[in-house]
Amino acid sequence: GYWSHRLSHQINFLWNKHAIHHSSEEFNLACALRQTVSSFVNLFTFLLIPAALLGVPPRVIAIILPIHLFLQFWYHTKHIKKMGFLEHILVTPSHHRVHHAINPIYMDKNHSQIFIIWDKLFGTFQEELDSVPPVFGITRPAQTWNPFRINFQHLWLLITDAWRAENWKDKLTIWFKPTGWRPENFEEKYPVNKITDVYSFEKYGTQHSNKLMYWSLFQAIFTLLLITYMYNSIADIGLPNVFIYGAFIFLTVYSYTELMDTRKISLLWETIRFFAGIAIVAYLGDWFGMNTLFPLASYIIIGYLVLSLLVTFYFVNTNFDTKKSIVATS
């Protein structure tokens with residue numbers, strides 16, 4: 001666990017998987033759930049091969065893996081301060097705040113996942129200092145709420161840098177170079193946004209109006225309700241309809257996170273989603289059997305789709321009603 005985590009921070013290609021988790025500029029339990037869908041190489045699996053060869057039963061590995069993962073959830077919080085003698089044994093919230101921080105003194109420290117002993121053994125331990133409050137995120141900020149963009153933006157940068165590299169050595173080695181490495185002069189020729197002063201940058205999205213934030217929260221809650229129904233009724237929905245449902249959820253998240261990013265193309269995505277939702281209700285006769293739970297389900301879904309399209313139209317045509325646009329107008 002320690003070495004798979006550490007290497008994910010030190011190798012360009014592996015960082016694509018782990019950057020998603022670190023991209024949050026807040027440090028809370030939701031950050032713990034911020035996980036990748038773009039895991040092309042799971043290094044942890046390869047590092048378990050010696051355990052299998054030594055005879056550790058597959059059942060033991062299968063049981064320990066999720067426990068090991070769940071034990072890493074609780075310490076993503078700013079509310080628990082230092083924990084006395086446990087600081088010398090376990091990975092605590094204080095230790096992990098250091099790990100998620102982009103302050104120069106904290107970078108690439110505290111890779112341990114359950115016991116902090118590994119960082120102390122391999123020289124990567126750093127205590128949280130009262131004089132240096134941690135600043136969270138990544139030095140090349142994601143600057144998007146769209147989870148699909150977040151999942152692939154580092155990989156896309158690697159692909160484009162490899163394509164534009166002038167010699168074959170750089171094209172091949174960029175994948176295995178230290179995280180953040182780019183060919184010579186690329187920072188000048190093809191600059192990307194990078195935080196140079198961790199104490200003087202504005203968190204992404206703080207310029208949005210309260211209206212847009214509340215609407216985004218409503219969309220997130222409604223999406224969770226739709227997903228809850230899908231999981232609860234997955235056997236009744238059946239194949240291939242469950243894939244249609246999944247595609248609609250994908251389109252929903254993509255559409256409203258584009259709106260959260262104040263992209264005008266969000267209106268196009270919302271229009272596509274509107275017609276897709278209407279087509280599903282027309283084709284199936286209701287919303288994947290939801291009418292059996294309560295008769296007005298289809299009307300609620302249609303009403304939601306109409307409301308969502310109208311609200312998206314409103315935000316796009318009022319320049320997203322941001323605080324900045326209001327100040328500029330006044």
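Helix 12 is the top contributor to the lining of the largest pocket in this predicted model, putting in 8 residues. The volume of that pocket comes out at about 1400 Å³. Its lining runs to 37 residues, and the ones closest to the centre are Arg-34, Trp-145, Pro-147, Thr-257 and Met-260. Besides helix 12 (210–232), the elements that supply two or more lining residues are helix 3 (29–32), helix 9 (147–164) and helix 14 (241–260). Sorted by class, the lining breaks down into 20 nonpolar, 13 polar and 4 charged residues.

Next comes the second largest pocket, with about 860 Å³ of space. Here 31 residues make up the lining, and Lys-17, Gln-35, Leu-69, Gln-72 and Gln-113 sit nearest the centre. Two or more lining residues come from each of helix 1, helix 2 (12–22), helix 4 (43–47), helix 6 (58–70) and helix 7 (93–100). As for chemistry, the lining of this second pocket holds 12 nonpolar, 18 polar and 1 charged residues.

Helix 1 turns up again among the aromatic contacts, where Trp-3 is found. The structure has 23 aromatic pairs, and one of them joins Trp-3 to Phe-122. The two ring centres are 5.1 Å apart and the planes meet at 65°; edge-to-face pairs need an angle over 60 degrees, so this one falls in that class. In sequence the partners are 119 residues apart: Trp-3 belongs to helix 1 (residues 2–10) and Phe-122 to helix 8 (residues 117–122), so the contact ties together well-separated parts of the sequence. Buried would mean under 20% relative accessible area and exposed over 50%. Trp-3, at 37% relative accessibility, therefore counts as partly exposed, and Phe-122, with a relative accessible area of 35%, is partly exposed as well. Elsewhere, Tyr-229, Tyr-245, Phe-248, Trp-287 and Phe-288 come together as one aromatic cluster. Tyr-229 falls within the range of helix 12 (210–232), while Tyr-245 and Phe-248 fall within that of helix 14 (241–260).

Rings also take part in contacts with charged groups. Lys-120 lies over the face of Phe-125, 5.0 Å from the ring centre. A second case involves Lys-177, whose charged end sits over the ring of Trp-181 at 5.1 Å from its centre.

Notes: Residues are numbered from 1 along each chain as its sequence is written. This is a predicted model: local features need pLDDT of at least 70, side-chain atom pairs count only at pLDDT 80 or more; totals for chains, interfaces and linings use all residues. Side-chain values use heavy atoms; hydrogens and water are left out. Rings of Phe, Tyr and Trp (its six-membered ring) pair if their centres lie within 6.5 Å; planes under 30 degrees apart count as stacked, over 60 as edge-to-face and the rest as tilted. Helices (H or I, at least four residues) and strands (E, at least two) are DSSP runs, numbered from the N terminus. Buried means under 20% relative accessible area, exposed over 50%, partly exposed in between (1.4 Å probe, protein chains only). A charge sits over a ring if NZ of Lys or CZ of Arg is within 6 Å of the ring centre and within 35 degrees of the ring normal. On a 1 Å grid over the protein atoms alone, a cavity is a set of points where a 1.4 Å probe fits but cannot get out, and a pocket is an open set with protein on both sides within 12 Å along at least five of seven lines; lining residues have an atom within 4 Å of a point. Grid points are joined across faces, edges and corners, and a volume is the space filled by probe spheres set on the points. Ala, Val, Leu, Ile, Met, Phe, Trp, Tyr, Cys and Pro count as nonpolar, Asp, Glu, Lys and Arg as charged, and the others, Gly among them, as polar.
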